Amino acid sequence: MTEKPKNITIVGAGMWGTALGVLASHHHHHVRLWSRRCPENLASVIVDADVILSAVSMGGVTPIIKQLQDLNLPKKAIIVTATKGLDPATTLTPSRLWQSAFPDYPVVVLSGPNLSKEIQQNLPAATAVASTDLTAAETIQVIFATEKFRVYVNSDPLGTELGGTLKNVVAIAAGVCDGLHLGTNAKAALLTRALPEIIRVGTYLGAEKETFFGLSGLGDLLATCNSPLSRNYQVGYGLAQGKTLEEILAHLEGTAEGINTTNVLVQIATEQNLYVPIATQVYRLLRGEISPLTAVKSLMERDLKSE
Ligand SMILES: NC(=O)C1=CN([C@@H]2O[C@H](COP(=O)(O)OP(=O)(O)OC[C@H]3O[C@@H](n4cnc5c(N)ncnc54)[C@H](O)[C@@H]3O)[C@@H](O)[C@H]2O)C=CC1
Ligand SMILES: O=C(CO)COP(=O)(O)O
């Protein structure tokens, strides 16, 4: 690589932040990985940052934004968000929270079928980086692309973010489907019908339909709903095995964002009168109102309709 090494600060040293740090180190950039448990203060790790990448879970986004607003962000910095979640207080996506807190900075969304354990094993993968500022997105593309990690650019940050976020709700349902051993036909039907549900919500919120057929949409839906590595899938699988949510979460490695996302999604759908049958059953299941079998039965027994 001929480009000058950049200073990249990653906020959130969980599974995804750590894997992204390894990717960014590939081209000899100066990577600083910060978590709230680090001895350094946040101010000292963002000094001179060319890129500030947030890989905190949804619960950490607003607290981190508030901390950064009290500091001076370097003028040239690009903000990157890799969180897949919805804010329960505002129902907004992380990129919208970042952009409204830092209106003068480019915000880039990084999202794709990227199970961090596979990336850590250096298995091939692809992702999308999206921004209304294409120059910023292309800068991030070059920083993170390696011969094992192919990075595509698009100009729909909201759609890119919503694909990766809303599929977590479906991944819980997919885990239930596999945990109940419902078979390949059922799984194909679930994922295929989930896509228009995601698109219905995503386009209502302002995303472009085409984005949901790309890596961050269909791509991430396939990866997460078919992998036992997915924490959201593990939640559904465990529920289908008769475990309680508390038991599952006690042994889960990292965050299953789909639980919070289901609540926020159902809130949005209720307020805006959007039809989200799969999310509704996941919501009722997570609240303990119905069993996994009842959730399946309810989906199958709805009024017949055209495709
Ligand atoms: N692990 C994966 O395969 C992938 C994860 N993601 C997304 O990335 C985000 C993080 O996921 P993981 O790293 O797997 O989760 P994790 O649970 O391993 O790490 C979460 C990180 O957020 C930090 N955090 C949480 N609340 C905070 C707060 N109030 N202040 C400061 N930091 C706080 C934690 O300290 C931790 O470093 C999630 O939104 C997830 O959906 C996206 C793609 C892949
Ligand atoms: O988003 C992911 C893969 O793209 C990670 O999925 P989980 O958060 O369900 O592990």
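Trainee: Which residues of helix H10 are met by H7, and how do you know that they meet?

Mentor: Asn-168, Ala-171, Ile-172, Ala-173, Ala-174, Gly-175, Val-176, Asp-178 and Gly-179 in H7 meet Asn-232, Tyr-233, Gln-234, Val-235, Gly-236, Tyr-237, Leu-239 and Ala-240 in H10. They count as in contact because two residues are so called if their C-beta atoms, placed from the backbone, lie within 7 Å. This is a predicted model, in which local features need pLDDT of at least 70, side-chain atom pairs count only at pLDDT 80 or more, and totals for chains, interfaces and linings use all residues. Residues are numbered from 1 along each chain as its sequence is written, while chains are lettered from A and ligands numbered from 1 in the order in which they are written.

Trainee: What is the class make-up of the contact of H7 with H10?

Mentor: It has ten nonpolar, six polar and one charged residues, where Ala, Val, Leu, Ile, Met, Phe, Trp, Tyr, Cys and Pro count as nonpolar, Asp, Glu, Lys and Arg as charged, and the others, Gly among them, as polar.

Trainee: At what angle do H7 and H10 pack, and is the crossing left-handed or right-handed?

Mentor: The angle is about 40°, with the axes 6 Å apart; axes are lines fitted to C-alpha atoms over the stretch in contact, and angles run from 0 to 180 degrees between N-to-C directions. H7 passes H10 in a right-handed crossing, a name given if the near helix is turned clockwise from the far one by less than a right angle.

Trainee: How do you know whether His-28 is buried or exposed?

Mentor: His-28 has 11 other C-beta atoms within 10 Å, and a residue is buried with 20 or more of these, exposed with 12 or fewer, and partly exposed in between, so His-28 is exposed. This residue lies in the loop between helix H1 (15–25) and strand S2 (30–34), and its phi is near 65°, a positive value in a residue other than glycine.

Trainee: What makes His-181 count as buried or exposed?

Mentor: His-181 counts as exposed because it has 8 C-beta neighbours inside 10 Å. Its place is in the loop between H7 and helix H8 (184–204), and its phi, near 55°, is positive although the residue is not glycine.

Trainee: Which helix gives the most to the largest nonpolar core, and with how many residues?

Mentor: The core, a set of buried Ala, Val, Leu, Ile, Met, Phe, Trp, Tyr and Cys residues joined through C-beta atoms within 7 Å, has 88 residues. Helix H7 (residues 157–179) gives the most to this core, with eleven residues.

Definitions and conventions:
Helix = DSSP H or I, 4+ residues; strand = E, 2+ residues; numbered from the N terminus.
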